[in-house]
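Trainee: I would like to go through the labels assigned to this structure and ask what stands behind each one. Please set each value against its cut-off.

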Amino acid sequence: MTLTRGSFTYSNGEEYHGEWREGLRHGLGQLTLSDGTCYTGQFENGLFNGCGMLVFPDGSRYEGDFIQGKFQGAGVFSRFDGMKFEGEFKSGCVQGYGMLTFADGCPERGGGGGGGRGGGRGGTSHEGLFERGQLVGREGCQGTVQRAQGAAAKARALSM
């Protein structure tokens, strides 16, 4: 199958610019949703799949791996208020090893309870195993954080 390049504006106001295969978004492209959310990255069979960056209207963003339209694998989610999670995601949720950092240093948010350590990034951080978005075990996971940062850097490079 050959990929073609083109642009399309949907009736709901969404716009896609990029590669197509058999009438589906497939390959590299950029999709802007009607609410202003913008995805730039890889598509497969019409869905976000592979490496990409999703930027929300409030300034929050996810940079990293996607599978079938959801955050899946290594990535970095940065919220508009400065909270950041660098680590593993599954089915669109924080799930696995990683580090959660708060810009304001408030450890009581984010499900880790107190006892976080200064992250050297301007806030308190919680590092370890997360299940369903909650910290369930504290342990170092620098390798996972580095993989997440690498996936985020690759996603940013696609958007240039």
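Trainee: Are Phe71 and Phe89 buried or exposed?

Mentor: Phe71 and Phe89 are both buried. Keep in mind that this is a predicted model.

Trainee: What makes the rings of Phe71 and Phe89 an edge-to-face pair?

Mentor: Two values decide it. The ring centres of Phe71 and Phe89 are 5.8 Å apart, and rings pair if their centres lie within 6.5 Å. The planes stand at 90°, and planes over 60 degrees apart count as edge-to-face. Therefore the pair of Phe71 and Phe89 is edge-to-face.

Trainee: Why is this pair said to link distant parts of the chain?

Mentor: Phe71 belongs to strand 7 (residues 70-78) and Phe89 to strand 8 (residues 84-90), with the two 18 residues apart.

Trainee: How many aromatic pairs are there in the whole structure?

Mentor: The search finds 17 aromatic pairs. One of them is formed by Phe66 and Phe71, with 5.7 Å centre to centre and 85° between the planes. The distance is within 6.5 Å and the angle is over 60 degrees, so Phe66 and Phe71 are also edge-to-face. Phe66 and Phe71 are both buried.

Trainee: What makes Arg25 a charge over a ring?

Mentor: The charged end of Arg25 is 5.9 Å from the centre of the Tyr16 ring and sits over that ring. The distance cut-off is within 6 Å.

Trainee: How do you know that Glu63 and Arg61 form a salt bridge?

Mentor: The closest N and O atoms of Glu63 and Arg61 are 3.1 Å apart. A salt bridge requires a nitrogen within 4 Å of a carboxyl oxygen, so the pair qualifies. Glu63 is buried because its relative accessible area is 5%, and buried means under 20%. Arg61 has 28% and is therefore partly exposed, in between 20% and 50%.

Trainee: Which residue meets Glu63 in a salt bridge at 2.8 Å?

Mentor: Arg156 does, with 2.8 Å from N to O. This pair links distant parts of the chain: Arg156 is in helix 1 (residues 142-158) and Glu63 is in strand 6 (residues 61-67), 93 residues apart. Arg156 counts as partly exposed, with 36% relative accessibility.

Trainee: How many salt bridges does the structure hold?

Mentor: Three. Asp81 and Arg79 also meet in a salt bridge, at 2.8 Å from N to O. Asp81 is at 34% and so is partly exposed, and Arg79 at 29% likewise counts as partly exposed.

Trainee: Which residues do salt bridges with shared partners join into one network?

Mentor: Arg61, Glu63 and Arg156 are joined into one network.

Trainee: How many disulfides are counted?

Mentor: Zero. The rule asks for a pair of cysteine sulfur atoms within 2.5 Å. As for accessibility, Cys38 is buried at 18%, and Cys51 counts as buried at 2%. Both values are under 20%, so the label follows in each case.

Trainee: What is said about the phi of Glu22?

Mentor: Most residues other than glycine have a negative phi. Glu22 is not a glycine, yet has a positive phi of about 50°. Glu22 lies in the loop between strand 2 (15-21) and strand 3 (24-32). With a relative accessible area of 62%, over the 50% cut-off, Glu22 is therefore exposed.

Trainee: Where does Asn45 lie?

Mentor: Asn45 is in the loop between strand 4 (38-44) and strand 5 (47-55). The hairpin of these strands has two residues between them, and Asn45 takes a positive phi near 50° there. At 42%, Asn45 is partly exposed.

Trainee: Why is strand 4 described as largely enclosed?

Mentor: Because five of its seven residues are buried, strand 4 is largely enclosed by the rest of the structure.

Trainee: How do you know that strand 4 pairs with strand 3?

Mentor: The two run antiparallel over six bridges, and at least two bridges are needed, so they pair. Gly29 stands opposite Gly41 in strand 4. Five residues lie between strand 3 and strand 4 in their hairpin, and Gly36 in the turn has a positive phi of about 100°.

Trainee: How many bridges join strand 4 and strand 5?

Mentor: Six, in the antiparallel sense. Phe43 has Phe48 in strand 5 as its bridge partner.

Definitions and conventions: Residues are numbered from 1 along each chain as its sequence is written. This is a predicted model: local features need pLDDT of at least 70, side-chain atom pairs count only at pLDDT 80 or more; totals for chains, interfaces and linings use all residues. Side-chain values use heavy atoms; hydrogens and water are left out. Buried means under 20% relative accessible area, exposed over 50%, partly exposed in between (1.4 Å probe, protein chains only). Helices (H or I, at least four residues) and strands (E, at least two) are DSSP runs, numbered from the N terminus. Rings of Phe, Tyr and Trp (its six-membered ring) pair if their centres lie within 6.5 Å; planes under 30 degrees apart count as stacked, over 60 as edge-to-face and the rest as tilted. A charge sits over a ring if NZ of Lys or CZ of Arg is within 6 Å of the ring centre and within 35 degrees of the ring normal. A salt bridge is a side-chain nitrogen of Lys or Arg within 4 Å of a carboxyl oxygen of Asp or Glu.
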